[in-house]
Amino acid sequence: VDTSGIVDLLSITAPMMARKRSLEAQKETAIKAVAQTLPDDVAADVPLLYPIWVWADCTPNMIVNYNGQLYRVIATPTDDRPPDADGMLAVYRPIVPGHVGTMADPIPWVYGIDCKAGLHYSYADQIWLCKSDMSPCTWTPGTAPTMWEEVT
């Protein structure tokens, strides 16, 4: 059996495979960089494009994934407390999927999101009307009558 052609084939194939791996890595880097520029409602639909939260890597306006929840970094973190820890709303804001904020399409309420007066939010299988701008919102719907009105 003549194997001389195998050496030639390998000398061509190995560089092609290395180039393919390099292109795939560059493509992934580019996609993740572009993902950081997406609006929050679009970002919420593609959470796997965002890096897993590592506090020391966070920079302002960056989107990170912490336990499946996306957060926008508001300020550079100074310690390793995670985005959902007490006192971290000045550093991280949760991102929720895009919704209009009407009765028919309420915004899912997540602790710490920015809530706008006049919009509807869903929480605990009910719909709530936000009565006052809250940025960030730390009042769970139903706990503050001056802030929330149950509509269903």
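The following exercises, with worked solutions, concern a predicted model.

**Exercise 1. The sheet**

Determine the strand order of the open sheet and identify which strands stand at its edges.

*Solution.* Begin with the order: the open sheet has three strands arranged 1-2-3, and their pairing is antiparallel. Next, consider the partners of each edge strand. Strand 1 (63-66) and strand 3 (92-94) each have a single partner strand, so one side of each lacks a neighbour in the sheet, and these two strands stand at the edges. Finally, the twist from one strand to the next averages 35°.

**Exercise 2. Register of the strands**

State how many bridges join strand 2 to strand 1 and to strand 3, and name residues that stand opposite each other.

*Solution.* Take strand 1 first. Its antiparallel pairing with strand 2 (residues 69-73) extends over four bridges. Within this pairing, N65 is opposite L70 of strand 2, and Y66 has Q69 of strand 2 as its bridge partner. The connection comes next: strands 1 and 2 form a hairpin with two residues between them. In that turn, N67 has a positive phi of about 55°. On the other side, strand 2 runs antiparallel to strand 3, and three bridges join them. There, V73 has Y92 of strand 3 as its bridge partner.

**Exercise 3. Enclosure of strand 2**

Decide how far strand 2 is enclosed by the rest of the structure.

*Solution.* The step needed is a count of buried residues. Four of the five residues of strand 2 are buried, so the strand is largely enclosed by the rest of the structure.

**Exercise 4. The aromatic cluster**

Classify the ring pairs that W53 forms with Y66 and with Y92, and locate the parts of the chain that they link.

*Solution.* The model has five aromatic pairs. For W53 and Y66, the ring centres are 5.3 Å apart and the planes meet at 85°; an angle over 60 degrees counts as edge-to-face, so this pair is assigned to that class. W53 lies in the loop between helix 2 (40-43) and strand 1, whereas Y66 lies in strand 1, so the pair ties together parts 13 residues apart in sequence.

The pair of W53 and Y92 is also edge-to-face, with 6.5 Å centre to centre and 80° between the planes. This pair links distant parts of the chain, since Y92 lies in strand 3, 39 residues from W53. Taken together, ring pairs link W53, Y66 and Y92 into a cluster.

The last step is accessibility. W53 and Y66 are both buried; the relative accessible area of W53 is 15%, under the 20% limit. Y92, at 0% relative accessibility, is likewise buried.

**Exercise 5. The cysteines**

Establish how many disulfides the structure holds, and explain the result for C130.

*Solution.* The structure holds zero disulfides. For C130, the closest cysteine sulfur is that of C115, at 5.1 Å; a disulfide requires sulfur atoms within 2.5 Å, so the two are too far apart for a bond. C130 is buried, with a relative accessible area of 1%. C58 also counts as buried, at 4% relative accessibility.

**Exercise 6. A residue of helix 1**

Assign L23 to its element and state whether L23 is buried, partly exposed or exposed.

*Solution.* L23 belongs to helix 1 (residues 4-35). Its relative accessible area is 41%, which lies between the limits of 20% and 50%, so L23 is partly exposed. As a distance along this region, the C-alpha atoms of L23 and Q36 are separated by 20 Å, with the two residues 13 apart along the chain.

Definitions and conventions
Residues numbered from 1 in each chain as written. Predicted model: local features only at pLDDT ≥ 70, side-chain atom pairs only at ≥ 80, totals over all residues. Heavy atoms only, no water. Pairing = 2+ DSSP bridges. Axes fitted to C-alpha atoms, helices over the stretch in contact; angles between N-to-C directions. Phe/Tyr/Trp six-rings, centres within 6.5 Å; stacked < 30°, edge-to-face > 60°. Buried < 20%, exposed > 50% of the residue type's maximum accessible area, 1.4 Å probe, protein only.
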